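Work through the exercises below with the model open. Each task is followed by a solution in steps.

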Amino acid sequence: AVQEAIEKVMEEHTFRLVHAHKVKIILASTTHGAYQDADDDVDEDMKMYHLVHAGMGQTFIENEPVLTKMLDRSGLVAKSISTSEVFRLMWYKLATNCSINPITALLRCENGYLAKYLLKQSQDEENDEGNMSQDENDDDDDDDD
């Protein structure tokens, strides 16, 4: 129900912009990774424009095969999809970011490093468990004496 209400509001605003101001709005969602770099060598006024491309992804564009083809030719992977598919992707991305962003803040790691961080934590726990098992085996050996 919430998604339908938001889609209706967006449609109304889009309709007003398109007809009153001759503006064309294209919905899109991308899976490219990027982040703002806090590089000290960058001029303070330019920091907000200093982005690092962190991972290749795909861009999904609402019903725009010509724009999709142009992006593909430029080396960016793009796909033209229906409006409802773009909305579904945007909701999925919102839910994902609402989950991942707080976790990365709590763990003080960058988004792209979250999987590596969790894998390392898991390996550390396995190593700790292995060390405890080894200690128990060593204790058992001592009992035989």
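**Exercise 1. List the residues that threonine 68 touches, leaving out those up to four places away in sequence.**

Solution. The model is predicted, and the contacts are read from its atoms.
- Step 1. Take heavy atoms within 4.5 Å as the contact limit.
- Step 2. Threonine 68 then touches Ile61, Ala78, Lys79 and Ser80.
- Step 3. Place the residue: threonine 68 is found in helix H2, residues 65–73.

**Exercise 2. Decide whether threonine 68 is buried or exposed.**

Solution.
- Step 1. Buried means under 20% relative accessible area.
- Step 2. Threonine 68 has a relative accessible area of 7%, so this residue is buried.
- Step 3. Set this against the chain: of the 145 residues of the protein, 14% count as buried.

**Exercise 3. Find the backbone oxygen that lies 2.8 Å from a polar side-chain atom of threonine 68, and describe its residue.**

Solution.
- Step 1. The oxygen belongs to glutamate 64.
- Step 2. Glutamate 64 sits in the loop between strand S4 (58–62) and H2.
- Step 3. Its relative accessibility is 15%, so glutamate 64 counts as buried.
- Step 4. Beyond four places in sequence, glutamate 64 is in contact with Lys24, Ile26 and Ser80.
- Step 5. Ser80 also appears in the list for threonine 68.

**Exercise 4. Work out the strand order of the open three-stranded sheet, and name its edges.**

Solution.
- Step 1. The order is S1-S4-S5, and the pairing is mixed.
- Step 2. Strand S1 (28–30) and strand S5 (77–81) each pair on one side only, which makes them the edge strands.
- Step 3. Neighbouring strands of this sheet are turned by 20° against each other on average, direction ignored.
- Step 4. S1 and S4 pair in the antiparallel sense, over three bridges.
- Step 5. Check one pair: alanine 28 has isoleucine 61 in S4 as its bridge partner. Ile61 is also among the residues touched by threonine 68.

**Exercise 5. Which strands do H2 and H3 lie across, and at what angles do they run?**

Solution.
- Step 1. H2 lies across S4 and S5. Its direction is at about 170° to S5.
- Step 2. Helix H3 (residues 83–107) lies across S1, S4 and S5. The angle of H3 to S1 is about 45°.
- Step 3. Test the length of H3. Its 25 residues reach 36 Å from first C-alpha to last, close to the 36 Å expected at 1.5 Å a residue.
- Step 4. Look for buried positions in H3: these are Val86, Phe87, Leu89 and Thr104.
- Step 5. Go just past the end of H3. Arginine 108 takes a positive phi of about 55° there.

**Exercise 6. Which strand does S2 join, and is strand S3 in the open or buried?**

Solution.
- Step 1. Strand S2 (residues 33–36) is joined to S3 by four bridges, and the two run antiparallel.
- Step 2. Take one pair: alanine 34 stands opposite histidine 53 in S3.
- Step 3. Strand S3 (residues 51–55) has five residues, and the number buried is zero, so S3 lies largely in the open.

**Exercise 7. Write down the order of elements from the N terminus on, with the numbers of helices and strands.**

Solution.
- Step 1. The protein has four helices and five strands.
- Step 2. They run α-β-β-β-β-α-β-α-α.
- Step 3. Add the contact range. Of the contacts with a separation of 6 or more, 37% are between residues 24 or more positions apart.

Definitions and conventions: Residues numbered from 1 in each chain as written. Predicted model: local features only at pLDDT ≥ 70, side-chain atom pairs only at ≥ 80, totals over all residues. Heavy atoms only, no water. Buried < 20%, exposed > 50% of the residue type's maximum accessible area, 1.4 Å probe, protein only. Polar contact = N/O pair within 3.5 Å; in protein donor to acceptor, adjacent residues only side chain to side chain. Pairing = 2+ DSSP bridges. Axes fitted to C-alpha atoms, helices over the stretch in contact; angles between N-to-C directions. Expected span 1.5 Å × (residues − 1).
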